[in-house]
Amino acid sequence: MVITARSLNRSTLARQLLLERAPVDVEEALRRIVALQAQLPGSPYVALWNRVDGFEPGLFDGALADFRAVRSTLMRLTLHMVHVEDYRAFREGMEPTLRGSRLGDHRYRAAGFTPADADALLPGLLGYAEHARSGAEMTSRLEEGRGGPVESVVWRMIRQYAPLWHAPTGPPWSFGTAQSFVTAAELPEHTDPDAVAAGLVVLVRRYLEGFGPASVADIAQFSMTQRVRVRGALAALDGRLDVLEGPGGTILYDVPGAVRPDGDVPAPPRLMAMWDSVLLAYADRGRVIPPEYRKAVIRVNGDVLPTLLVDGYVAGVWRPVDGGIEASAFRPLPADVWAELASEAEALGGFLAGRDPRVYRRFDHWWVKGLPVVETKVFRTR
């Protein structure tokens, strides 16, 4: 079967609940969209607001407080929010990447630590964090176990490797600058190669459910996993996946029965969160970001700006400003699209007003430095 580039775009939007907001609870939404990149605490809320019909942030607060949704370092070595039922398999699948990158980091080794040191110290740290502990408390415990002071980079690398969840620390977005950690309720296997391989198989299948169809390169990009391991996981799923031909003859994999809309299915405008997963989940980011806009949206330091989606593709950026939402287009947009964006902006402004109306204010410097904008409108929301 051959699938077009526009059908791939619509498949992503459908599975990510972006063709229409879904009347589901936050846990079901999180299961369906698989993972939300979450280094900026407000962005998962904005991402869910875009996807869930009648999204109630208080219910998401509750899911995080009860650890039914968990925040931890996972794919791409980045904080993600996933459903607790996905966490163990995802963490097992990510073990080689996390261990190699964090415990093999040159700064960690320069501080006099080895992977064996982490293995020796982790049981004590994880036992101590059975109840939520602050970063300062965890550092002190690490120093007790080591028998002396340790450099801050050591704790940073260990906490990003360890099976720790971030414990909520309060409003407006459940997590703030003060960090707190708790040991995962069900510890993943990290020394059993079979468990690690099986975890990656689960991760690959779940990725395809939420982001497919996708190539080996896409899966590797999403997880920051070696392609040879991705191919091994796909081989383990042999006979249980559809194989398609994508643009340029690229081989794509997908779960049977998954929705793959035609490319002409309408896609409503959306005001996407910073670091929204659909912008980062593929090696070929042209699925959602036109190549000419990529550098404007994904900045040199890794910041991924909040974007306007128009007809399913990035067409500009937005930011909260005093009293409203500023939307800036990279190309001329017709009046009816601006009207739809105005409606979205009004609703988003109302949502943000209850939490943090200027959620992305510390990223205003990107606008000051300049963006390839052809038209800007400010939609007043109060």
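**A guided tour of two pockets, two helices and a sheet**

Begin by selecting Ala5, Leu8, Ser215, Asp218, Pro247, Thr250, Leu252, Tyr282, Asp284, Gly286, Arg287 and Tyr313, which together line the second largest pocket. The model on display is a predicted one. The volume of this second largest pocket is about 220 Å³. Colouring its lining by residue class gives six nonpolar, three polar and three charged residues.

**Helix H1**

Keep Leu8 of that lining in view and extend the selection to helix H1, residues 5–15. Of the eleven residues in H1, nine are buried, and the helix is thus described as mostly covered. To display the buried set, select Ser7, Leu8, Asn9, Arg10, Ser11, Thr12, Leu13, Ala14 and Arg15. Next, show what surrounds them: the buried residues of H1 pack against helix H2 (26–33), helix H10 (193–211), strand S8 (251–254), strand S10 (307–310) and S11. After the helix comes Leu17, which has a positive phi, near 60 degrees.

Now centre the view on Arg6, which also belongs to H1. Is Arg6 buried, partly exposed or exposed? Its relative accessible area is 33%, and because buried requires a value under 20% and exposed a value over 50%, Arg6 is classed as partly exposed. Leaving aside residues up to four places away in sequence, the contacts of Arg6 are Gly263, Asp311 and Tyr313. Tyr313 has already appeared in the lining of the second largest pocket. For a distance across the model, select Arg6 and Ala345: they are separated by 339 residues in sequence, and their C-alpha atoms lie 26 Å apart.

**The five-stranded sheet**

From Tyr313, move to strand S11, residues 313–321. This strand belongs to an open sheet of five strands, ordered S9-S10-S11-S12-S13 and paired in antiparallel fashion. At the edges of the sheet are strand S9 (270–271) and strand S13 (375–380), each of which pairs on one side only. Within the sheet, S11 and strand S12 (residues 324–329) run antiparallel and are joined by six bridges. One residue pair to label here is Val321 with its bridge partner in S12, Gly324.

**Helix H11**

Return to Asp218 in the lining of the second largest pocket and select helix H11, residues 216–223. How many of the eight residues of H11 are buried? Seven are, so the helix is largely enclosed by the rest of the structure. The buried residues are Val216, Ala217, Asp218, Ile219, Ala220, Phe222 and Ser223. Their packing partners are helix H5 (84–103), H10, helix H12 (227–236) and S8. Two of these elements, H10 and S8, are also packed against by the buried residues of H1. Following H11 is Met224, with a positive phi, near 55 degrees.

**The largest pocket**

Finish at the largest pocket, which holds about 640 Å³ of space. Which residues are closest to its centre? Among the 31 lining residues, they are Gln39, Leu40, Pro41, Arg71 and Arg362. To see the elements involved, select strand S2 (69–73), helix H9 (152–161) and strand S5 (164–166), each of which contributes at least two residues to the lining. S2 provides the largest share, with three residues. Coloured by class, this lining shows 13 nonpolar, eleven polar and seven charged residues.

Terms used:
Residues are numbered from 1 along each chain as its sequence is written. This is a predicted model: local features need pLDDT of at least 70, side-chain atom pairs count only at pLDDT 80 or more; totals for chains, interfaces and linings use all residues. Side-chain values use heavy atoms; hydrogens and water are left out. On a 1 Å grid over the protein atoms alone, a cavity is a set of points where a 1.4 Å probe fits but cannot get out, and a pocket is an open set with protein on both sides within 12 Å along at least five of seven lines; lining residues have an atom within 4 Å of a point. Grid points are joined across faces, edges and corners, and a volume is the space filled by probe spheres set on the points. Helices (H or I, at least four residues) and strands (E, at least two) are DSSP runs, numbered from the N terminus. Ala, Val, Leu, Ile, Met, Phe, Trp, Tyr, Cys and Pro count as nonpolar, Asp, Glu, Lys and Arg as charged, and the others, Gly among them, as polar. Buried means under 20% relative accessible area, exposed over 50%, partly exposed in between (1.4 Å probe, protein chains only). Contact means heavy atoms within 4.5 Å. Two strands pair if DSSP finds at least two bridges between them.
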